[in-house]
Amino acid sequence: MTQPHRRFAVVSLAAMVSVVGLASCTSGEWRYDVPPAAGVVQDEGPVKARNVLVLANDDGQGLLTGSLFANQPVELEGAAVAGQQQDGTYADVVSVPLTGEIGVREPLELGGEDAIVEGADLQAGLLAAVVLQFSDGTSMTMETVVVSSDDPAHAALWDAAQS
């Protein structure tokens, strides 16, 4: 094979791999009306956090949402949140009165009235630092997106926690 043909073959193969890779990422039921992320997914010790995010209204009040799973019984003993500010720093950390048991087949769903965040100066479009502490000594620290409480995908959850 001559040098130009070899170069053409390599470039063609690279292009084909890229196209196949991109096609496999979007195959299936791609939905453009769904946000690209539904919150943070993180594993630490026996605990698996899924779709953790913070909702916030225009006054800076928030709601910690998501699900916690575990491969052994463990208890959520505490939570804290700090909102990111426009300059990139974080406001003071505030405690959230959130506790609960996580069973092997019984996840703990976050988002009720005990997950309301007061005083963290949360702003939609920025981040929030979230810390979760568990009875077995496991601690999770994550940065998650702050979504407006008016967002249609989350408005019902916000309204239910406020009542």
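This report describes the fold, the surface charges and several individual residues of one predicted protein model.

## Overall architecture

The predicted chain holds 2 helices and 10 strands, and from the N terminus on these elements follow one another in the order α-β-β-β-β-β-β-β-β-β-β-α. Read in that order, the run of strands has a helix ahead of it and a helix after it.

Of the 163 residues in the chain, 37% count as buried, while the accessible surface comes to about 9700 Å², with 55% of that area belonging to carbon and sulfur atoms. When contacts between residues at least 6 apart in sequence are considered, 60% of them join residues at least 24 apart. The pairs described below, taken from strands β3 and β4 and from a loop, give individual cases of residues that are separated along the chain and are listed with their C-alpha distances.

## Two buried strand residues

Val74 lies in strand β4, which spans residues 74–83, and Val74 is classed as buried because its relative accessible area is 5%, where the limit for that class is under 20%. Leaving aside residues up to four places away in sequence, Val74 touches Val47, Gly100, Glu101, Ile102, Phe134, Ser135 and Asp136. For one of these partners, Phe134, the separation along the chain is 60 residues, whereas the C-alpha atoms of Val74 and Phe134 are 6.7 Å apart.

Ala70 belongs to strand β3, residues 62–70, and with a relative accessible area of 7% Ala70 is likewise buried. Its contacts, again not counting residues up to four places away in sequence, are with Pro46, Val47, Ile102, Gly103 and Val104. Pro46 is 24 residues from Ala70 in sequence, yet the C-alpha to C-alpha distance between Ala70 and Pro46 is 5.2 Å. Val47 and Ile102 appear among the contacts of Ala70 and also among those of Val74.

## A patch of negative charge

On the surface, Glu75, Glu77, Glu101, Glu106 and Asp136 gather in a patch of negative charge. Two members of this patch, Glu101 and Asp136, are also among the residues that the buried Val74 touches.

Asp136 sits in the loop between β9 (127–134) and β10 (139–148), and its relative accessibility of 36% makes Asp136 partly exposed. Glu106 is placed in another loop, the one between β6 (100–102) and β7 (108–110), and Glu106 counts as exposed because its relative accessible area of 56% lies in the class defined as over 50%. Both residues pass the requirement of over 30% relative accessible area that applies to patch members. The C-alpha atom of Glu106 is 7.3 Å from that of Phe69, although Glu106 and Phe69 are 37 residues apart along the chain.

## Salt bridges around Asp43

The count of salt bridges in the model comes to 2. In one, Lys48 pairs with Asp43, with 3.6 Å between the closest N and O atoms; in the other, the side chains of Arg50 and Asp43 meet with an N to O distance of 2.7 Å. These shared partners join Asp43, Lys48 and Arg50 into one network.

Each residue of the network is partly exposed: Asp43 has a relative accessibility of 41%, Lys48 has a relative accessible area of 34%, and Arg50 has one of 24%. Arg50 is therefore not classed as buried, since that class requires a value under 20%.

## Positive phi angles outside glycine

Asn51 has a positive phi of about 55° although Asn51 is not a glycine. This residue is located in strand β2, residues 47–56, and Asn51 counts as partly exposed at 38% relative accessibility.

Asp121 likewise has a positive phi, near 55°, in a residue other than glycine. Asp121 is found in the loop between β8 (116–117) and β9, and its relative accessible area of 37% places Asp121 in the partly exposed class. The two residues thus differ in setting, because Asn51 falls within a strand run and Asp121 falls within a loop.

Terms used
Residues numbered from 1 in each chain as written. Predicted model: local features only at pLDDT ≥ 70, side-chain atom pairs only at ≥ 80, totals over all residues. Heavy atoms only, no water. Patch = residues over 30% accessible without salt bridge, like charges linked within 9 Å, V, L, I, M, F, W, Y side chains within 5 Å. Areas by Shrake-Rupley, 256 points an atom, 1.4 Å probe, with all protein chains shown as cover. Salt bridge = Lys/Arg side-chain N within 4 Å of Asp/Glu carboxyl O. Lys, Arg positive; Asp, Glu negative; His and termini not counted. Charge placed at Lys NZ, Arg CZ, Asp CG, Glu CD. Helix = DSSP H or I, 4+ residues; strand = E, 2+ residues; numbered from the N terminus. Buried < 20%, exposed > 50% of the residue type's maximum accessible area, 1.4 Å probe, protein only. Contact = heavy atoms within 4.5 Å.
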